Amino acid sequence: MSVSTHGVRVKTGSQALRSAVELLSSMRFSISLLTVICIASIIGTVLKQQEPLVNYVNQFGPFWAQVFAAASLTTVYSAWWFMLILGFLVLSTSLCIARSTPKILADFKIYKENIREQSLKAFAHRAEAGLDEQPEAAARRIGQTLVSGGWKVKLQQRDNGWMVAAKAGAANKLGYIAAHSAIVLICLGGLFDGDLVVKGQMLLNGKSVYKGGGLIADVPEQYRLSPGNPTFRGNILVAEGSQSSTAILNQAEGVVLQDLPFAIELKKFIVEYYSTGMPKLFASEIIIHDKETGAAIPARVEVNHPASYKGVEIYQSSFDDGGSRVKLRAMPMTAATKPFEIDGVIGGTSQLGNGAGGEKLSLEYTALRVINVENFGGGSTPGVDVRKVDLRESIDARLGAANKTVTQKVLRNVGPSITYKLRDAAGQAREFHNYMLPVDTGDGVPAYLLGMRENPADNFRYLRIPMDEQGGMDGFLRLRAALADPALRAQAVQRYAAKAVDSTRPELAQQLSVSATRAMALFAGVDPGHKAAVAGTPVGGLQAIADFMEANVPEAERARAGEVLVRILNGVLFELAQITQEQAGLKPLEPTEKTQGFMTQAVLALSDAQLYPAPMAFQLTDFTQVQASVFQVARAPGKKVVYLGCAFLILGVFAMLYVRERRVWVWLSGRDGRTHATMALSTNRKTLDGDREFDHLKSKLIGAKD
């Protein structure tokens, strides 16, 4: 009831409860919840889930990263609001079922035989005809005919005639119950297999999220869930020749460790590749060691072919490095750095002392890839003059990407590569990606590619170091070291001037020496008159020459003067390379097309190296690969509930779409010594099949024709 206070009607508790139930069980409320779940699922699909916060900061910026984290959009499927919506959807759909099921079940027993004759004439499908038999006999004949056709029939005798009521297709309404039950079952299965149970286990057993680092074996018990946990889904990495029995469950604030009732030993990991370089087969030969019985059960795990033991499914998720051993050679990129070799393990760290100013650097071994299938196509024609370099093209090509846009796809395996990070004392790190073998990028000059990026969201930019006659980088490194030596630069200038100018014209040779010395100083980044050097930040390479031309040469003469200056620079660098060959005890470079290509690429690489942000680059010289499998282990009791829900959904949708509920009535009454029949048909959907069925029934039951 409701009471009135000064004209304001106030609902009592029972009325408020009834209104709340009406709202929760309404179709509009359920559809609204489904819409929100669909939108959340789209967000969870588009936005990568459970990534480190720094990845979102790099991709979207700090503001949106914080917004996503605050709204739990980075962990949609385990967010409290998503679980709450699922719970309300289960409640709403369950109330819908509870309200509708009694009516539907009661409707199965109702034939609506009490309908009046005049009501039959209002139906869209109706017919009338006269019969030569008595009403009772006609009623029994019509009823028997309908029963033989699969109809359920009820006969009713009235004072003035007989009513035949029949119905078929009642499974249509069962489809409604099945489809709504499917939603409940699927949502319940999702709740059973979600983080809700894990968080409940943590709350009841006093467990907490682990936010630190270190070895899994050293993590205390308070961060571990027992092997009897009824539901979980986590990842476990197992290297070849080792075994593990602890899975990692990612949480928003950190991780929780899940102890398994068995250990997984990886005997062999198998991976096969397509020609594109994409893996086409992951397979792991494993042995499952039962902790309780000590039994060892061999199994094979492939993608979409999991292994199962004690209710835990073992899926092949991906693969990773299992601690490969690598040997690197440090190549000096500054005059103060000396070459050395270092051994490491992927995933490990080595301490270095060769940073700028002598500060400590940490070398973090990130990844080893033994196969790199890259797309190459097109190509360029190497220069034919070792002393001719196009200045604008050289500057535009500075620190370009390793993979150029091509018109034809050419796939080629370019061999192993190493990825590492150099981290300074302040914790700032740059990531590097260097190929082990020289790569021919299409210009005919094989080059070692040294990649670098400032943050993970960027693409790698590559420095191309040309391969020398011995197949290595030593020729370039000697040339770079000589460029930093003032005495060797002066010697190269003298040689170039002596060869370029006739000895009878010493004044011209002197002028050429001055120009060549200035060009080498600019290129080496030691010219005191360069505007960047005046500002305290020396800049060399082709950029320094371009700046010099812009500041000192009129625009109309800049192109010609630039070509002359770069020709001089290239000639001096060639003489400098000859000096380094002599010092190394090697034969002089021959003026061949191969040498021309080497020198052209070397000029670009020397220019690019001015901007290389590390004192050394590391070349992979040897490695011993150790592979690892990443398994997803899951105990999912809700899976069978979801499968049952899917079966109900299929049956329900099929019943609602393809089963038509029909009712037919035939009223039989005596009139003028004959029996007058009035027939009507109702169906829940107006279709052509309904029209054809009515035509068939009226012809067969009462002999009526159009």
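Visitor: Why is Lys280 called partly exposed?

Guide: Happy to explain, and please keep in mind that this is a predicted model. Lys280 has a relative accessible area of 45%. Buried means under 20% and exposed means over 50%, with partly exposed in between. The value of 45% falls in between, so Lys280 is called partly exposed.

Visitor: Where is Lys280 placed, and what is it in contact with, leaving aside its neighbours within four places in sequence?

Guide: Lys280 sits in strand β10, residues 279-290. Leaving aside those sequence neighbours, Lys280 touches Glu272, Tyr273 and Tyr274, as contacts. Val303 is 23 residues away from Lys280 in sequence, and their C-alpha atoms are 9.8 Å apart in space.

Visitor: What makes Asn372 count as buried?

Guide: Its relative accessibility is 0%. Since buried means under 20%, Asn372 counts as buried. You will find Asn372 in the loop between β17 (361-369) and β18 (373-376). Beyond its neighbours within four places in sequence, its contacts include Arg412, Pro416, His433 and Tyr435.

Visitor: How do you know that Leu657 is exposed?

Guide: Leu657 has a relative accessible area of 52%. The cut-off for exposed is over 50%, so Leu657 is exposed. Leu657 belongs to helix α18, residues 638-658. Together with Leu649, Val653, Phe654 and Tyr658, Leu657 makes a nonpolar surface patch of about 510 Å².

Visitor: Why is strand β23 described as largely enclosed by the rest of the structure?

Guide: Strand β23 covers residues 461-466, and 5 of its 6 residues are buried, so the strand is largely enclosed. Its pairing with strand β22 (residues 447-453) is antiparallel and runs over 6 bridges. In this pairing, Ala447 stands opposite Pro466 in β23.

Visitor: How do you know that β26 and β27 pair?

Guide: Two strands pair if there are at least two bridges between them. Here 10 bridges join β26 (residues 662-671) to β27 (residues 674-683), so the two strands pair. They run antiparallel. Leu668, for example, stands opposite Ala677 in β27.

Visitor: Which sheet do these strands belong to, and why is one side of β3 and of β4 left without a neighbour?

Guide: They are part of an open sheet of 5 strands, in the order β3-β27-β26-β5-β4, with antiparallel pairing. β3 (125-131) and β4 (152-158) stand at its edges and each has a single partner strand, so one side of each has no neighbour in the sheet. On average, neighbouring strands of this sheet are turned by 15 degrees against each other, direction ignored.

How values were computed
Residues are numbered from 1 along each chain as its sequence is written. This is a predicted model: local features need pLDDT of at least 70, side-chain atom pairs count only at pLDDT 80 or more; totals for chains, interfaces and linings use all residues. Side-chain values use heavy atoms; hydrogens and water are left out. Helices (H or I, at least four residues) and strands (E, at least two) are DSSP runs, numbered from the N terminus. Axes are lines fitted to C-alpha atoms, for helices over the stretch in contact, and angles run from 0 to 180 degrees between N-to-C directions. Buried means under 20% relative accessible area, exposed over 50%, partly exposed in between (1.4 Å probe, protein chains only). Contact means heavy atoms within 4.5 Å. Patches are made of residues with over 30% relative accessible area and no salt bridge: like charges are joined within 9 Å, nonpolar side chains (Val, Leu, Ile, Met, Phe, Trp, Tyr) within 5 Å. Accessible areas come from the Shrake-Rupley method with a 1.4 Å probe; for residues, only the protein chains shown count as cover. A salt bridge is a side-chain nitrogen of Lys or Arg within 4 Å of a carboxyl oxygen of Asp or Glu.
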